[in-house]
Amino acid sequence: MMSGKADTIDANTLLEAVRQSLTSAGRYNPGDAVAPAAVLWTDADGQWRPLVAQLRPLMPELLTLGEYAPEERTGPAIWLRCVIEQMLPEVVIPDTAIPVIYMPNVSRQTLRAAEECPDSLKPLVELQYRGAVWTQRNGKDWTVEAFLVSGDGGLGLDLSRDKQTKRAMLGALTHLAVTPLAGLRGKRLEAEDFDKLMVADTPRDLLLWLNDPAHTREEWDDAKWAAFCSRCKAEYGFDPESDGAIVAGEKLGMRDPAWQTVWQRYAESPAIYPGIPNLLRRAKPQQIIFDKEPWPDENETEEINLRNSLLQFESLGPADARRKIEELEKRHGVRRDWVWARLGQSPLAEALKHLAILARKTEQGLGGDSVDAMAGLYTGGGYLADDAVLRAVASVRSLEDSEAVRTAIRSIYLPWLENAARHFQGLISNTPLPDCFSTVQSLVAAGSGECLLFTDGLRFDIAQRLAAMAEERQLRVIQDRRWAGLPTVTATTKPAVSPLAGELSGRLPGEDFRPETAKNKLPLTADRFRKMLTEAGYQVFDASETGVPNETDARGWTEFGQFDKLGHTLQAKLATQIDEQLSLLLERIQALLSAGWKRVRVVTDHGWLLVPGGLPSIELPKYLTEIRWTRCAAVKPGSHIDFPTAGWHWNKYEHFAFAPGVHCFRKGNEYAHGGVSLQECLIPDLTFSLSTASAQVVVSITEVKWVGMRCRVAVDEGGGGVFVDLRTKPNDPNSSITAPKQIDAAGRVSFVVEDDSLEGTVASLVLLDSSGRVIGKRTTTVGGEE
């Protein structure tokens with residue numbers, strides 16, 4: 001069974017935060033897993049029920065367990081199963097969405113106890129194994145209170161835990177859902193704060209009414225409607241009853257002084273008012289409008305104009321295309337600050353930001369009189385051109401927008417890329433890249449307490465994104481670079497960045513450029529690779545494991561990441577998966593560090609080329625080759641070819657042919673590697689560790705006292721920035737029984753284990769630093785006495 005991962009929630013309202021968290025719960029790695037069948041949202045007390053009606057317009061994938069009411073996407077378990085299995089064509093789930101099933105008054109424990117589960121729920125039981133469950137880190141259902149206060153997947157608000165506050169919080173839930181979170185942070189929330197949300201908030205009520213006038217009027221009683229109309233007359237100069245929503249929509253769009261606050265409230269969280277854009281379209285006045293921002297159709301017109309402009313780049317040379325990009329950026333860049341960009345309705349304006357970077361970074365070619373000089377120019381900023389291409393491609397989704405961005409990219413990027421590749425190829429013809437016998441770069445090896453993490457196809461530019469993400473999470477990153485083996489195919493390059501490189505050699509490249517063991521001349525198969533690593537003293541473990549870092553002289557090897565696999569499958573659409581893959585990779589790095597590895601060194605085998613619309617092709621007759629790959633080929637003995645060649649990494653006397661520039665020996669490739677270019681050959685070498693500040697934290701538990709199911713813990717000096725967690729497995733954050741809680745300035749903390757069934761369980765009290773690393777632990781018995 002999968003469970004939702006806890007991520008930092010960055011949202012403006014509770015409603016948006018819940019939607020984001022539910023969506024995140026269905027996240028998966030498409031390279032090695034199938035999509036979850038559904039996300040199960042269990043709610044034992046039905047606390048979230050008032051929020052579900054507000055979520056439905058925002059989440060067409062949201063289904064509810066209950067009495068049959070298909071118009072509300074609600075029905076019994078067997079009906080829900082039919083929807084999930086796509087047996088009911090009248091109920092449409094968006095192609096890119098994972099269905100979410102809200103289950104009021106059903107707990108996760110009820111589903112887990114399959115034999116005792118009521119018959120009415122049994123059709124859904126197996127979905128917990130084929131799907132994901134929206135839960136806290138400790139496996140418990142998300143209650144409203146837990147979601148508000150948790151700093152691990154929740155909102156991290158400071159909430160009083162008394163019964164009166166809880167009652168007020170649940171009573172105000174529908175109002176709380178659309179209240180800007182900025183006003184709730186930085187203070188302790190009491191019952192009074194939630195009670196105030198129930199008092200009239202005219203801007204909020206006005207936006208709710210504008211979003212869906214008929215439904216909102218039905219929901220309000222006559223007294224509230226009369227009060228609302230009165231406030232609108234007094235504060236906004238219109239009568240909802242006689243003027244109607246169109247008049248109000250025009251006033252909102254014109255942003256009259258009295259309406260500025262209403263517009264600002266809308267702009268903070270436009271996604272929770274999906275009906276307002278259409279209202280603004282209908283309410284737009286006929287006279288000349290100088291302020292285009294509030295009107296969605298004006299933004300749509302500008303997007304069409306920008307698309308048409310980009311499509312004309314096909315006839316422009318690189319210099320003219322760069323000048324035109326700068327002109328378009330001056331006109332359209334401002335729209336990225338409009339509310340419509342936040343709703344995803346300005347994808348081309350967003351892509352234009354990256355096209356402008358591409359234009360500036362390609363003004364000068366990548367020169368240099370040596371491969372190292374060229375590498376210095378690339379790592380000093382040239383790589384940002386490649387990064388800009390990926391970001392621009394990822395900004396758009398529709399076919400017509402993708403065509404426009406593709407046309408602009410090809411006019412600017414492809415000539416720059418071709419020139420850089422040909423210059424680089426000319427340099428290596430005089431000064432070859434290091435081979436297996438070279439002493440120019442050291443062999444890869446793990447130090448004591450270090451884990452080597454191999455990632456296939458981690459190109460240099462996206463490795464810079466990874467490093468930035470890690471530093472944001474307070475990890476220390478040491479960056480280095482090295483040259484990949486040639487040709488840049490995994491069979492050659494992966495062993496070259498492994499601790500086995502010194503034990504391998506090559507005679508003939510064969511069909512896959514695979515080396516062999518130097519001692520026995522045996523081909524390096526996957527099984528032999530793992531066996532030799534183990535014999536060399538490395539712990540070799542799978543992506544779901546963390547090894548045993550506490551062993552004496554522990555050294556590890558593990559593999560993670562799907563960049564290359566997804567590139568071959570998705571071609572240019574790989575760009576849309578980069579950030580997700582980097583997030584998964586960073587989570588893997590953090591898990592290894594949290595498990596106790598002192599350092600995690602990320603190594604990769606090769607980079608790649610990616611050009612939307614396809615790389616140019618050149619013909620190499622197949623009969624002249626032993627094997628012909630996309631960007632390289634093993635030539636038959638005695639054959640004469642008019643293509644550049646280079647020595648094989650494992651035997652420099654065996655040459656292979658590679659395609660000139662960025663050409664391919666096969667047609668129809670937007671993504672390719674195997675050849676000779678900076679993007680393929682210059683690879684990152686990153687070492688991650690916990691920050692110095694967290695590594696210096698020294699603290700230990702001095703006292704543990706249980707009073708019933710409440711545990712009181714004291715630590716010695718140095719408790720600042722330290723958290724305590726109760727786990728069944730000390731190094732596994734997913735085994736938490738409670739949510740981590742920060743120790744106060746006096747070095748004390750207390751918490752309650754709410755699940756009485758855990759009484760008598762042997763568990764570990766663990767101390768965590770600010771990065772989540774375990775810095776101390778002590779065994780205890782839940783409910784016992786120390």
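The following dialogue discusses how selected features of this predicted model may be read.

Biologist: Which residues have the most contacts inside the largest nonpolar core?

Modeller: As a general idea, nonpolar side chains in soluble globular proteins tend to be buried together. In this predicted model, the largest nonpolar core has 117 residues, and L310, F424 and I589 have the most contacts inside it. Helix α22, residues 399-430, supplies the largest share of this core, 14 residues. A second, separate core has 70 residues, including L206, C232, W263 and V339.

Biologist: Which residues does L310 touch, apart from those up to four places away in sequence?

Modeller: With those set aside, L310 touches I325, L328, L348, L355, A404, T407 and A408. L310 is also one of the buried residues of helix α17, together with P296, E298, N299, E302, E303, L306, R307 and S309. The cover over the buried residues of α17 includes α16 (276-283), α18 (318-332), α19 (339-342), α20 (347-361) and α22.

Biologist: What span should the 16 residues of α17 have?

Modeller: Helix α17 comprises residues 296-311, and at 1.5 Å a residue it should span 22 Å. Its end C-alpha atoms are 23 Å apart, which agrees with that expectation.

Biologist: How should the packing of two helices be described, and at what angle do α11 and α13 pack?

Modeller: Angles of 65 to 115 degrees count as roughly perpendicular. Helix α11 (residues 202-211) and helix α13 (residues 222-236) pack at about 110°, with their axes 11 Å apart. The two helices are therefore roughly perpendicular to each other. On the α11 side, the contact is made by T202, P203, D205, L206 and W209. On the α13 side, K224, W225, F228, R231, C232, E235 and Y236 make the contact.

Biologist: Turning to sheets, in what order do the strands of the open three-stranded sheet lie?

Modeller: Strands of a sheet pair through backbone hydrogen bonds, either parallel or antiparallel. Here the order is β23-β24-β27, and the pairing is antiparallel. The edges are occupied by β23 (701-707) and β27 (748-752); each has a single partner strand, so one side of each is left without a neighbour in the sheet. From one strand to the next, the twist averages 15°. Six bridges join β23 to β24 (residues 710-715) in the antiparallel sense, and V704 has V713 in β24 as its bridge partner.

Biologist: Which strands pair with β14 in the parallel sense?

Modeller: Strand β9 (residues 450-455) pairs with β14 in the parallel sense over five bridges. In that pairing, C451 has G556 in β14 as its bridge partner. Strand β13 (residues 539-540) also runs parallel to β14, to which two bridges join it; there V540 stands opposite W557. Strand β14 itself, residues 555-559, is mostly covered, with four of its five residues buried.

Biologist: How is a single residue to be read, and does L62 count as buried or exposed?

Modeller: The cut-off for buried is under 20% relative accessible area. L62 has 0% relative accessibility and therefore counts as buried. L62 lies in strand β3, residues 62-65. Leaving aside neighbours within four places in sequence, L62 is in contact with W41, V52, L55, R56, R73, V100 and Y102. As for P277, 215 residues from L62 along the chain, the C-alpha atoms of the two are separated by 22 Å.

Conventions
Residues are numbered from 1 along each chain as its sequence is written. This is a predicted model: local features need pLDDT of at least 70, side-chain atom pairs count only at pLDDT 80 or more; totals for chains, interfaces and linings use all residues. Side-chain values use heavy atoms; hydrogens and water are left out. A nonpolar core is a set of buried Ala, Val, Leu, Ile, Met, Phe, Trp, Tyr and Cys residues joined through side-chain atoms within 4.5 Å. Buried means under 20% relative accessible area, exposed over 50%, partly exposed in between (1.4 Å probe, protein chains only). Contact means heavy atoms within 4.5 Å. Two strands pair if DSSP finds at least two bridges between them. Axes are lines fitted to C-alpha atoms, for helices over the stretch in contact, and angles run from 0 to 180 degrees between N-to-C directions. The expected span of a helix is 1.5 Å times one less than its number of residues. Angles under 35 degrees count as roughly parallel, over 145 as roughly antiparallel, 65 to 115 as roughly perpendicular and the rest as oblique.
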